[in-house]
Amino acid sequence: MPELAEVAYYTTRWAAGVGQEVLRMHTGPKARPFRQTAAGAFRALVGTIYSGARTHGKNMLFEFAPQLWLTGHLGMTGELLAGPPEHEPTAHDHLVLYTRESALIFRDFRMFGVLRLEEWAGGPPPDWLALPPQIQDAGFTTARVAEALQRHARSPLKALLLDQHWFPGIGNWMADEVCYQLRLNPAVPAGTVEAAALRRVLRAVCRKSMETIGRDWSDPPRSWLMPHRWKAGGVCPAKSCGTALMRETLRGRTACWCPLCQPVA
Ligand SMILES: [Zn+2]
């Protein structure tokens, strides 16, 4: 499932169309990706100029001048691609916007992703501006982290980290990474976690992820849990540890941690 930096990376693929007019469009026959805006409404994008994208956590915003906005998220398996202007849509291409030089493609196999169209003059729509502070933002203060930890004091740390209201963009692997770097078991009660330390690690993990995966899909540091977590037989990368990582799959999500560095309290 795409998290903060993966979503940011996917939006960069549509840079191929920035500054170009949308000449025609294609929408696929499946209704699910259009559950918030009917597929036919996307015809309004024809004749607009694609001006660029921004992300907020897992949310995406695309500007089409003069005043149309495409917003949404990638769900589980959504992906953005750019193809040649003669691109033939596949069965999973739910929206394709054609410019003179490229095809901007929204592809989603399982269709948990969603796209909606909003019309708003003079800047991003109000619901976008009302999103909570991102982890990278100045508004993401220690006080805010402390409030989250206090309000959900008995919640397991990992479960709280997945709450998009408090921690926009954090998904399964990033939550595990943060727990690992804090040397805390994912199951520790949130109320026992130190807010300043959590904030520091969250910001460091987000920053580095954006500089690697988010920029060009390059790998985060080998000292992270992330490169070692995916396959059975992975070992903890911490110096003089090398313990076999624990992996547990619950509702399709694999949790991963080092039993030595992150003992159950
Ligand atoms: Zn370890």
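These legends walk through several close-up views of a predicted model. Residues are numbered from 1 along each chain, as its sequence is written. Because this is a predicted model, local features need pLDDT of at least 70 and side-chain atom pairs count only at pLDDT 80 or more, while totals for chains, interfaces and linings use all residues.

**View 1. The whole chain, with its seven helices and ten strands.**
Helices (H or I, at least four residues) and strands (E, at least two) are DSSP runs, numbered from the N terminus. The C-alpha atoms fit a box of roughly 60 × 40 × 30 Å along the principal axes. A compact globule of 265 residues would have a radius of gyration near 18 Å, and the chain's 20 Å agrees with that. The radius is taken over C-alpha atoms, and the globule rule is 2.2 Å times the number of residues to the power 0.38. Of the 265 residues, 36% are buried. Buried here takes 20 or more other C-beta atoms within 10 Å of a residue's own, exposed takes 12 or fewer, and partly exposed is in between, with C-beta atoms placed from the backbone.

**View 2. Strand 7 (residues 103–108), mostly covered.**
Six of the six residues in strand 7 are buried. A103, I105 and R107 point one way, while L104, F106 and D108 point the other. That fits a general habit: in a regular strand the side chains alternate between the two faces of the sheet.

**View 3. The neighbours of strand 7, strand 5 (residues 78–83) and strand 6 (residues 93–98).**
Strands count as paired if DSSP finds at least two bridges between them. Strand 5 and strand 7 run antiparallel over six bridges, with G83 partnering A103. Strand 6 is also antiparallel to strand 7, joined by five bridges, and V96 stands opposite I105. Strands 6 and 7 make a hairpin with four residues between them.

**View 4. Where domain 1 (4–129) meets domain 2 (142–257).**
These bounds come from an automatic or database domain assignment. The domain centres, taken over C-alpha atoms, are 30 Å apart. Eight residues of domain 1 are in contact with eleven of domain 2; contact takes C-beta atoms, placed from the backbone, within 7 Å. On the domain 1 side, helix 1 (residues 4–13) gives the most, with five residues.

**View 5. The largest nonpolar core, with 61 residues.**
A nonpolar core is a set of buried Ala, Val, Leu, Ile, Met, Phe, Trp, Tyr and Cys residues joined through C-beta atoms within 7 Å. V178 and C179 have the most contacts inside this one. Helix 5 (residues 172–182) supplies the largest share, seven residues, and at least three residues come from each of domain 1 and domain 2. Leaving out residues up to four places away in sequence, V178 touches L161, V201, L202 and V205.

**View 6. A cis peptide bond between A65 and P66.**
Omega is about 10 degrees at this bond. P66 sits in the loop between strand 3 (59–65) and strand 4 (68–73).

**View 7. Positive phi at R183 and S240.**
Phi is about 55 degrees at R183, although this residue is not a glycine. R183 lies in the loop between helix 5 and helix 6 (195–211). It is partly exposed, with 14 other C-beta atoms within 10 Å. S240, also a residue other than glycine, has a phi near 55 degrees. S240 is in the loop between helix 7 (213–216) and strand 9 (246–250), and is exposed, with 5 other C-beta atoms within 10 Å.

Technical notes: Two residues are in contact if their C-beta atoms, placed from the backbone, lie within 7 Å.
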